[in-house]
Amino acid sequence: MSLALSGGTVLTALDPPRLAQADIVIAHGRVAAVGPAPTGIPRRDCSGCVIIPGNVNAHTHLYSALARGMPYRLEPPANFLQILQRVWWRLDRALDGEIVRASALVGGMDALLSGTTTLIDHHASPTAIDGSLDLVADALAEVGIRSVLCYEVTDRDGPERARAGVRENERFLQTQRLLARGLVGAHASFTLSPETLADCVAIAREFQSGVHIHVAEDLVDERDAEARFRRRVAHRLADTGALNERAILAHCVHVDGAETALILETGAIVAHNARSNMNNAVGRAAVGHFGKRVVLGTDGIGDDMFAESQAAYWRAREDDVFLSMAWPLQRLAAGAALAGRIFGEPLLGRIEPGAPADLTVLQYTPPTPLEDGNVAGHWLFGLSARDVRDVVVAGELVVADRRLTRVDQDEIAAAAAGQAARLWQRLEEIGPHEFAPAGVGRR
């Protein structure tokens, strides 16, 4: 299929920002040309619009998509571990196949409508492990979004389910899909036995994949590693071979200087989730110390990367008044480069000939001049998901005039509401999780 997006202002790259007044010619899933479109191919008028590379969410949890407005009747959590025990580890045990699929559909829909074209997801459903990644991948393919998936392996629900999680990652890594790739998921050091972590690393090594794991999101992770292994988390992971240039380390809020140096030395990627860290009151990640290794994720707080990148910038600027406004664009570009490496598409995240045609058309009328040098200012103080008009993934127009083209989004929303009611009812029957890491007293 060929298509020309004509008459728009094209942001050909985020790092550094480059604007052009040009048509974009799309053919066979790729950008064929940036320049005058030839006659004889379908055109979509983008006059008065800004066309940007599709955003990448580098760490999310689609299974939380039906938690919006979820009732809560237990004692309020007093710390991060209790948030896990009383909220998220109850939620994931309430998931079944139908709820997993509904969460992925509505999450993928919301992502596309907010201009996100790739999701790097970290899935958990301990009572519905086998085949769960297929459910997520199929749902996301149905709406037309690109994804990188893994199953969250953990020992918190016992060794049998830990082994099942390892098998699910291994099985999915052997599948072939156009719009999906796999990683090896692991929850966090404090819920992983030496044997289970070693199994995750072995699978990642066999498939030349990366380990996608939460690292030092809260001090409980570091305290457990010190109590059990007399090592801090990053050193434990490095000892097992989990840290390399393919690894994605979510959070890294409480790593110390030696761990930071180790992460940089191994080339691992740090996925920063500013809004989630604020919501869970776990502290601030010292993102400035990780330099170019930082990408941005939402940790399941939606998939709007405009909102996430803005919050991440303002949060970081509290610590560094000299932080460049270009920083969030650089981090989003790094996220696209990460997804590109996983897909074997080095031009993902750019609009130039040969690049995958993952694009977002914004109906944005700037009230001040829009130039290469001030794109970041418009991004931070003007652009938002409400500007998204069209979205193209792998050359296909999957959102047109703010509506999904492949599926009925109203039907998806209605079905999700029904599954959310089921999920919330199932939650009423599940008490707080009993797992507590070494060195931490039980509730």
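**Group meeting: salt bridges, a helix pair and a surface patch**

Hi everyone, let's start with a pair of side chains: Arg 232 and Asp 256 form a salt bridge, and their closest N and O atoms lie 3.0 Å apart. The two partners come from distant parts of the chain, 24 residues apart. Arg 232 sits in the loop between α6 and α7, while Asp 256 sits in the loop between β12 (248-251) and α8 (257-266). Please keep in mind that this is a predicted model.

If salt bridges are new to you, here is the general idea: side chains of opposite charge can pair when their charged atoms come close.

Is Asp 256 buried or exposed? Neither, in fact: its relative accessibility is 28%, so Asp 256 counts as partly exposed.

Now stay with Arg 232, please. Its side chain also meets that of Glu 222 in a salt bridge, at 3.3 Å from N to O. Here the partners are 10 residues apart, with Glu 222 in helix α6 (219-229) and Arg 232 in the loop that leads from α6 to α7 (233-240). Both Arg 232 and Glu 222 are buried.

How many salt bridges does the structure hold? The total is 32. Let me show you another one, between Arg 284 and Glu 318, with 3.1 Å from N to O. This pair spans 34 residues: Arg 284 is in the loop between α9 (274-280) and β14 (294-296), and Glu 318 is in helix α10. Glu 318 is exposed, because its relative accessible area is 53%, whereas Arg 284, at 35%, counts as partly exposed. And some salt bridges share partners: Asp 134, Asp 138, Glu 168, Arg 171 and Arg 177 are joined into one network that way.

Helix α10 covers residues 305-319, and Trp 314 lies in it too. Which residues join Trp 314 in a nonpolar patch on the surface? They are Met 325 and Phe 381, and the three together have about 340 Å² of accessible area. Trp 314 itself counts as partly exposed, because its relative accessibility is 41%.

Last stop: two helices. Two packed helices are described by the angle between their axes and the distance between the axes. Take helix α2 (residues 97-113) and helix α13 (residues 409-427): they pack at an angle of about 135 degrees, and their axes are 9 Å apart. That angle makes α2 oblique to α13. The crossing of α2 past α13 is left-handed.

That's my tour, and thanks for listening!

Terms used: Residues are numbered from 1 along each chain as its sequence is written. This is a predicted model: local features need pLDDT of at least 70, side-chain atom pairs count only at pLDDT 80 or more; totals for chains, interfaces and linings use all residues. Side-chain values use heavy atoms; hydrogens and water are left out. Patches are made of residues with over 30% relative accessible area and no salt bridge: like charges are joined within 9 Å, nonpolar side chains (Val, Leu, Ile, Met, Phe, Trp, Tyr) within 5 Å. Accessible areas come from the Shrake-Rupley method with a 1.4 Å probe; for residues, only the protein chains shown count as cover. A salt bridge is a side-chain nitrogen of Lys or Arg within 4 Å of a carboxyl oxygen of Asp or Glu. Helices (H or I, at least four residues) and strands (E, at least two) are DSSP runs, numbered from the N terminus. Buried means under 20% relative accessible area, exposed over 50%, partly exposed in between (1.4 Å probe, protein chains only). Axes are lines fitted to C-alpha atoms, for helices over the stretch in contact, and angles run from 0 to 180 degrees between N-to-C directions. Angles under 35 degrees count as roughly parallel, over 145 as roughly antiparallel, 65 to 115 as roughly perpendicular and the rest as oblique. A crossing is left-handed if the near helix is turned anticlockwise from the far one by less than a right angle, and right-handed if clockwise.
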